[in-house]
Amino acid sequence: MRLHTQSPRPVRAASWTVWLALGLPVLVAVALMVPRVCSAQFGLFDDANSISVARQTWTGQWDWEQDIGFGRFRPVYWLVFSLIYRWAGYHASWYFVGNLLLLLCTTLLLGGAVLRLTRRPLAAGIVGLAFVLGGPVVEAAYTLSKPELAQCFFLTASAATLALAPRPGTRFMRVGALLMSSVLVFLAALTKETTGLLLGIAPAWVAIAWASDRVRGAEAHPHASPLARDFLLACALGITAYLGTAFAASPGILSGAGPRANFTFTWATIETNTKVWLDLIVRDWLQLLPLVVAAAYCAVSTRRLAHSLMMLGSLVWMGAWFALYLPYRFTPEYYLLPFSLGAAVFTGLLALQVVDASRAGPVASFLVKGCGALAAVLILLTIPNNLTNGGIQLSVDKANTAMLEFVAENAPADGLVLVNIRADIEYLWNVAPMLHSVYNRPDLTVEAYPDPGSALAVGSRPTMVISPFIENVPLPSVRLGIPEEVSRAWEAALQEELGGRLSLQRETRFCQHLLVVDAPRLICLAVPQIGYCQRPHTPFDTRRFAAGWRIYSLSAPSG
């Protein structure tokens with residue numbers, strides 16, 4: 001059997017189908033972000049640090065150099081937040097409007113590039129919807145001070161610049177598109193250093209295009225090799241400019257222990273992370289399985305695989321980003337946002353193949369339509385998960401904001417605030433700067449409890465103790481600042497040590513009814529006894545998630 005890999009004859013689309021294909025994902029993105037914009041709060045991850053840098057930026061003291069200790073160089077990451085701060089100050093809703101704009105632009109550019117390369121509005125629409133409905137989008141867009149959303153915008157814009165450029169065009173137009181693409185790669189790298197991974201992806205794309213030319217002839221995909229070579233050159237120019245700028249800013253910034261500290265190249269780490277990442281990917285992209293089955297059947301039966309080079313390219317993209325984070329020390333889902341770009345393109349191309357081949361015959365039509373219907377159901381099953389993840393993040397931020405507001409309004413002047421977080425984590429670092437800057441209480445002293453410098457025996461100083469709690473966390477979950485079991489242990493230890501001196505002033509509890517559908521474990525309804533089904537609260541988790549803080553006043557010790 002000889003597999004024909006050329007793309008089908010371009011389809012002339014009515015203008016309304018193009019508008020629908022590009023506009024529907026945009027409308028879904030807007031609907032996704034409306035709850036976040038309407039309920040906007042700063043968080044306790046990196047927001048306080050970002051606000052501090054933004055404030056310093058506009059006073060002429062740009063403190064981007066704090067990244068140097070971590071082996072990172074991300075001035076554009078800091079500038080994006082600083083530009084919004086210049087306009088919005090401490091009004092959190094405008095920062096989420098910024099996230100919405102980045103999401104809309106990324107979705108439009110992704111759909112536009114796919115439309116240009118396939119000439120099929122259906123493919124562009126499915127790609128856009130698959131990206132917006134992907135699990136990492138909610139976590140990335142509902143959280144501030146994370147670079148992945150801006151990075152993906154620059155990455156998508158870089159590829160779209162080349163894809164949308166006229167071909168064949170004048171040399172001036174080609175050079176202009178190439179330079180613009182390289183500048184966008186440069187900006188992506190200045191947003192997050194993992195953009196350097198493009199130096200592995202782009203050569204693979206060139207190799208795929210070269211192999212296609214050798215096997216099928218250049219006339220099968222006349223623009224594939226030039227496009228791949230241009231993207232490789234743009235990546236090389238952009239990453240080289242980034243490295244030169246980084247070394248000029250600080251010669252040792254990328255050569256110290258910082259970059260290596262985030263990676264642990266041990267089998268135990270890779271094995272653990274593989275399970276975590278696969279659990280997230282299978283939950284969010286299970287619809288790829290029936291689409292792959294249907295597309296493979298169509299390819300074998302019709303001897304045709306449309307847009308095969310784009311499919312291979314998207315697989316390379318996904319594989320590279322997946323491999324990058326296997327030895328990484330953190331495994332939050334928003335790290336998979338670049339992976340989602342490739343997964344969305346792969347989903348759209350597979351779906352297009354299925355739609356085009358569904359008319360081949362009654363047997364093929366039944367099989368292909370069945371797989372397509374199953375894929376559609378699996379995509380719909382991700383919507384409750386996304387809504388739940390968004391609700392969890394809103395509940396957590398509301399609880400944190402309520403705590404900060406209560407402490408700011410009720411803590412006595414020059415008071416002491418003890419934070420019952422017994423680990424060196426971001427929540428502990430960010431309470432003090434949020435109270436000092438955002439809530440205008442620089443008089444408060446914020447310390448960790450228990451800490452040798454807390455001076456608990458001093459009864460003359462009014463003291464508050466704040467203790468976080470979290471309940472009924474689903475698995476897998478969005479990134480949460482406090483581990484559930486650990487928070488219980490911290491609270492129990494606090495009561496044991498200071499129970500007689502604590503008086504509860506307020507509990508800031510916010511809840512979210514869970515509706516988590518673990519689609520891969522739906523088989524557990526039929527075979528619950530297998531080991532794969534031993535995870536609790538599966539395949540449906542309908543518990544009541546809660547997050548909050550207990551705020552105590554601490555009386556002076558007796559005697």
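Cys533 turns up in the loop between β5 and β6 of this predicted model. With a relative accessibility of 9%, Cys533 is under the 20% cut-off and therefore counts as buried. Setting aside anything up to four places away in sequence, its contacts are Cys524, Val527, Pro528 and Thr538. One of these, Cys524, is also its bonding partner: the two cysteines are joined by a disulfide, with the sulfurs 2.0 Å apart. A disulfide is a covalent bond between the sulfur atoms of two cysteines. The structure holds just one such link. The torsion about the S-S bond comes out at -85°, making the connection between Cys524 and Cys533 left-handed. Both ends of the bridge, Cys524 and Cys533, are buried.

Two other cysteines are worth a look for their accessibility. Cys235 has a relative accessible area of 0%, so it is buried. Cys511, at 27%, falls between the 20% and 50% limits and is therefore partly exposed.

Back in the β5-β6 loop, Arg521 is placed between β5 (516-517) and β6 (540-541). In sequence, Arg521 and Cys533 are twelve residues apart, while their C-alpha atoms are 6.7 Å apart in space. For a residue with a charged end, is Arg521 buried or exposed? Its relative accessible area is 8%, so Arg521 goes down as buried. Once residues up to four places away in sequence are left out, Arg521 touches Asp279, Tyr532, Arg535, Thr538 and Pro539. Thr538 also shows up among the contacts of Cys533.

Thr538 and Pro539 bring in some backbone geometry. The peptide bond running from Thr538 to Pro539 is cis, with omega near 5°, and Pro539 is found in the loop between β5 and β6. Another cis peptide bond leads from Leu475 to Pro476, this one with omega near -10°. Pro476 belongs to the loop between β3 (463-471) and α18 (484-498).

Positive phi values in residues other than glycine are the next backbone item. Arg119 has phi near 60° without being a glycine. Its place is the loop between α4 (92-118) and α5 (121-132), and its relative accessibility of 40% makes it partly exposed. Asn440, again not a glycine, has a positive phi of about 55°. This residue sits in the loop between α17 (426-438) and β2 (445-448). Because its relative accessible area is 60%, over the 50% mark, Asn440 is classed as exposed.

Moving on to helices, how does the end-to-end span of α15 square with its residue count? Helix α15 covers residues 337-357, which makes 21 residues, and at 1.5 Å a residue it should span 30 Å. The expected value takes one less than the number of residues, because that is how the span is defined. The C-alpha atoms at its ends are indeed 30 Å apart, so expectation and model agree. As for its surroundings, α15 is mostly covered, with 19 of its 21 residues buried.

Aromatic rings get their own tally. A pair of aromatic rings is described by the distance of the centres and the angle of the planes. The count comes to 20 aromatic pairs. Among them is Tyr427 with Trp549, a stacked pair with 6.4 Å centre to centre and 10° between the planes. This pair links distant parts of the chain, as Tyr427 is in helix α17 and Trp549 is in strand β7 (residues 544-554), 122 residues apart. Both partners are out of the way of solvent by the usual accessibility criterion: Tyr427 has 5% relative accessibility and so counts as buried, and Trp549, with a relative accessible area of 1%, is buried too. Elsewhere, ring pairs tie Phe263, Phe265, Trp277, Tyr325, Tyr328, Phe330, Tyr334 and Tyr335 together into a cluster.

Finally, some rings have an arginine for company. Arg36 lies over the face of Phe96, at 4.2 Å from the ring centre. Likewise, the ring of Phe45 has the charged end of Arg479 sitting over it, 4.3 Å from its centre.

Notes
Residues are numbered from 1 along each chain as its sequence is written. This is a predicted model: local features need pLDDT of at least 70, side-chain atom pairs count only at pLDDT 80 or more; totals for chains, interfaces and linings use all residues. Side-chain values use heavy atoms; hydrogens and water are left out. Helices (H or I, at least four residues) and strands (E, at least two) are DSSP runs, numbered from the N terminus. Buried means under 20% relative accessible area, exposed over 50%, partly exposed in between (1.4 Å probe, protein chains only). Contact means heavy atoms within 4.5 Å. A disulfide is a pair of cysteine sulfur atoms within 2.5 Å. Rings of Phe, Tyr and Trp (its six-membered ring) pair if their centres lie within 6.5 Å; planes under 30 degrees apart count as stacked, over 60 as edge-to-face and the rest as tilted. A charge sits over a ring if NZ of Lys or CZ of Arg is within 6 Å of the ring centre and within 35 degrees of the ring normal.
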